[in-house]
Every structure is written in structure tokens, then in C-alpha cells.
Amino acid sequence: MNEKMTPEDLEKFIHRELRALPPRKAPAGFETRLQAAVGARLALRTQSAEQLEQLVHRELRSLPLRKAPSTLESRVLAAIEHQATVVWYHKSWTYWPGAVKAAFLGVATGVSGAAIAAFYLVTQGADSSALTAAAGERFAGVAALFHVIRWIATYTSDTIASIPPLWLYGGLAFVAALYATFFGLGAAAYRTLYRNN
Amino acid sequence: MNEDPTVHTTTTEGVTAPPDFTTFMRNYQDMVYSTAVRLIGNETQAEDIAQEVFIKAHEHFDNLRTSPSAGGWLKTVATNLSINHIQRYKKRWSFFSDLVHKDDEGGEKEVEFAAPDTFFAGVDSSERREWVERALEKLPEHQRVPLVLYHFEDMPYEDIAKKTRVSLSKVKTDILRGREALAKILVRSGASHEKFAN
């Protein structure tokens, strides 16, 4: 091509070349497909909603059952077998043995009754320190556990108090930024990958 | 299509019953799987639901094996578990996807579909069924679920609205739109005579 061609000349040249192209031949069967498509489009708007309902109903109801995957049976049997090997206390309440259910109900009722009775006695002016001492003797293990938890809480709060506030706020902001970034990335990945499939 | 499959032995009460759970499962697994896959639109998740249904069935097998309504029981459980699964999934991902289609809230749209005679001209029945199944899968969930409940489960609009926890008018609109969308996909398949691309 001539290097000195002006933009106007280039436009005319391209226009002339493109317009000189011969018409392309339609692919085989195009006319038949076109006529079928036009026929279908012409039939549009001629049917009522009731006819549409009947048509869709007929089409859907004529479908045979979908064949279940061959793996389903073995999966179900394996799951049932696995469930049978799980001990009762790892299952929900409905699977507990009757005797255990009864014992649990008895203990739960006793504890609730004792708590209500203690509350009633305290409100009636009973010596709360004597009650606490008596309860403490009976539940020494619980008291020790409570003591440990309190020590951990005190230690944690002291540690946090010794960190400069700037570091603390900076750390929190960093964690929040990371969280927002991963949340945004997750949303973007879902929209682009999952929904497009 | 919706009939109970055949069972094998007869009890003293005259009620037919399968001899064991495996036979019982074989009798009903296609029906349970079909119910789940048509509602959920995902084969893997439907298999999970079908598994869950049969685990529940195993827990009640003593009653189910002699019950003439075992098929109905399984269908109901499969439907409920599928809807629960969809609703749980929708809540979990509602932030990530634009599940609200604003155009669905509008008024009635003009019904557009081809005359029945033009459907599937020259398409054999197995290909046709495959097209319908795939067209159903392609529908958005908010149209597919009420459409399946209405046409396969014979559920009235009011019950669908209650089950799916949406308004009655939205159920009606979604079903109508679903039919239109399904008809359009079928028109394309019937008119073009093209093979379904897997």
C-alpha cells in the first residue's frame, strides 16, 4: 500500500474494496432452518396461557423417571452402616436409649428443682453465705474450674492492656481489611466462576 | 410416571412389601432421585438429598415396608428436603449472587410460545425428553421450583406459596414465566433440529 496515502484516500480505498466483495453463499440447510424458525415465530402470540399450561404439563408429565446414579445404593448402605457404629451419646436426643433418656430427665429435673429451691430460700432471707459454702463444698471441682477461667481472663486483659493502643487499632484494622478483601474476592469468584457455569 | 414402583412379596395383611431395605430402595430410588434432581437442578446435590431420604426411610422402615403409601411418604420427604436445601443454600449465597430479578416483580407479560404442532418436528422421543429435562434444568431456580411442584407434584398455587415462603402472586408469575421460558427453549430446539449440546 502507498505510504503517502491520506486518511481520506485510505477510507475510500477500504470502502471500495469492501463494497466490491461478492455476496457470500448461505450454508447448507440455512433456508429450511430459517423457514422453520419463522414459522415458529409466526405461531407465537396465537396461544393462550391455558394452552401453554396444558402443553407444558403434557410435556413434563410425559417425562420418564430419571435414573438414580449407580453409586446411590452403595452410598446409602454405607451411611446406614456407619450410623449403626456411632455410639448413642454422639447422636441426637431421639437416638438415646430409653433408660438414658429417663435418667437424664430425672437429673435435669433434680438440678432445676434444687436451683429453684435455693433461689426461693435466698429470697426468703436464708443465710446465703451458708448456702454458698454448702454448694461450694459439693461442687469444689466447678469452683476450681471457675478459678482457672478467671485467671485466664485476668491474664488476657493484662496482656492486652500492656499493648500500645496504636498497635492494637492497627492490628484490628489490618484484620478487618483482610476479612473485607477475602469476602470481596469470594464474591467476585462466585459471580465469575460459579454463576457463569 | 408418578405411580409407585412394583414391590415383591405379600404380607399376611395382603399389603405388598419388599423383603429387605435394599429391594425397597431399588424400587423407589429413581422416583426419589427424579424428585430431587428436578427441584434442585443439580445431580450431585440431588444424590445427597436422595441419600438423606433413604437414611430417614431406613429409620422408619418397619412401618414403611408394609405401608401402601411408602412412595408418597418418600416423595414428600424428598420434596421437603430439597426445598429446605434450596432455601438454606439461597440464604448462604444471597450476598454473592443477584437472586432478586427485578423484572419478575412486574405485571403480566405477553405469552409467547410456539403452537404445539411445531414442537419437536423431526426430533425423536428420547432426544425430545432430553431436551425437556435440560430445558427444565436451565430454568432459574425461582421459576423451576414452583413449576416442578405444580406440574409434577400437583401442588396448588397456595401450597407452593406456603412451602416456598413467597407471595401467591409471585408464585403465579414465576410459574407463568417458567412456562414461557421452557416453551421458548423447546421452540428453539424444535425449530432448529439441532442436537442438544452437553
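The following exercises, each with a worked solution, concern chain B of a predicted model.

**Exercise 1.** Determine which elements make up chain B and in what order they run from the N terminus.

*Solution.* Begin with the inventory: chain B has 8 helices and 2 strands. Next, place them along the chain, where the order from the N terminus is β-β-α-α-α-α-α-α-α-α. Finally, consider the packing of the chain as a whole: of its 198 residues, 36% count as buried, and among contacts with a separation of 6 or more, 65% join residues 24 or more positions apart.

**Exercise 2.** Describe how helix 1 and helix 2 of chain B cross, and decide whether they are oblique or roughly antiparallel.

*Solution.* In general, a pair of packed helices is described by the angle and the distance between their axes. For helix 1 (residues 21-40) and helix 2 (residues 43-59) of chain B, the axes come within 8 Å and cross at roughly 140 degrees. Because only angles over 145 degrees count as roughly antiparallel, helix 1 and helix 2 of chain B are oblique to each other. The crossing of these two helices of chain B is right-handed. As for the residues that meet, helix 1 of chain B contributes, among others, B:F21, B:M25, B:V32 and B:A36, while the partners in helix 2 of chain B include B:A46, B:I49, B:A50 and B:V53. By class, the residues of this contact divide into 12 nonpolar, 3 polar and 2 charged.

**Exercise 3.** Carry out the analysis for helix 6 and helix 7 of chain B, and state which residues meet.

*Solution.* The axes of helix 6 (residues 141-151) and helix 7 (residues 157-164) of chain B come within 10 Å and cross at roughly 140 degrees. That angle makes helix 6 of chain B oblique to helix 7 of chain B, and the crossing is right-handed. From helix 6 of chain B, the residues B:V145, B:P146, B:L149 and B:Y150 meet B:I160, B:K163 and B:T164 of helix 7 of chain B. Sorted by class, this contact has 5 nonpolar, 1 polar and 1 charged residues.

**Exercise 4.** Identify which residues touch the most other members of the largest nonpolar core, and which elements give two or more residues to this core.

*Solution.* The largest nonpolar core has 46 residues, of which B:V32, B:A36, B:A50 and B:V53 touch the most other members. Turning to the elements, those giving two or more residues are helix 3 (49-61) and helix 4 (71-85) of chain A, together with helix 1, helix 2, helix 4 (70-93), helix 5 (125-138), helix 6 and helix 8 (168-192) of chain B. Helix 1 of chain B gives the most, with 10 residues.

Technical notes. Residues numbered from 1 in each chain as written. Chains lettered and ligands numbered in written order. Predicted model: local features only at pLDDT ≥ 70, side-chain atom pairs only at ≥ 80, totals over all residues. Helix = DSSP H or I, 4+ residues; strand = E, 2+ residues; numbered from the N terminus. Buried ≥ 20, exposed ≤ 12 C-beta atoms within 10 Å, placed from the backbone. Contact = placed C-beta atoms within 7 Å. Axes fitted to C-alpha atoms, helices over the stretch in contact; angles between N-to-C directions. Parallel < 35°, antiparallel > 145°, perpendicular 65-115°, else oblique. Left-handed = near helix turned anticlockwise from the far one by under 90°. Nonpolar A, V, L, I, M, F, W, Y, C, P; charged D, E, K, R; others polar. Core = buried A, V, L, I, M, F, W, Y, C linked by C-beta atoms within 7 Å.
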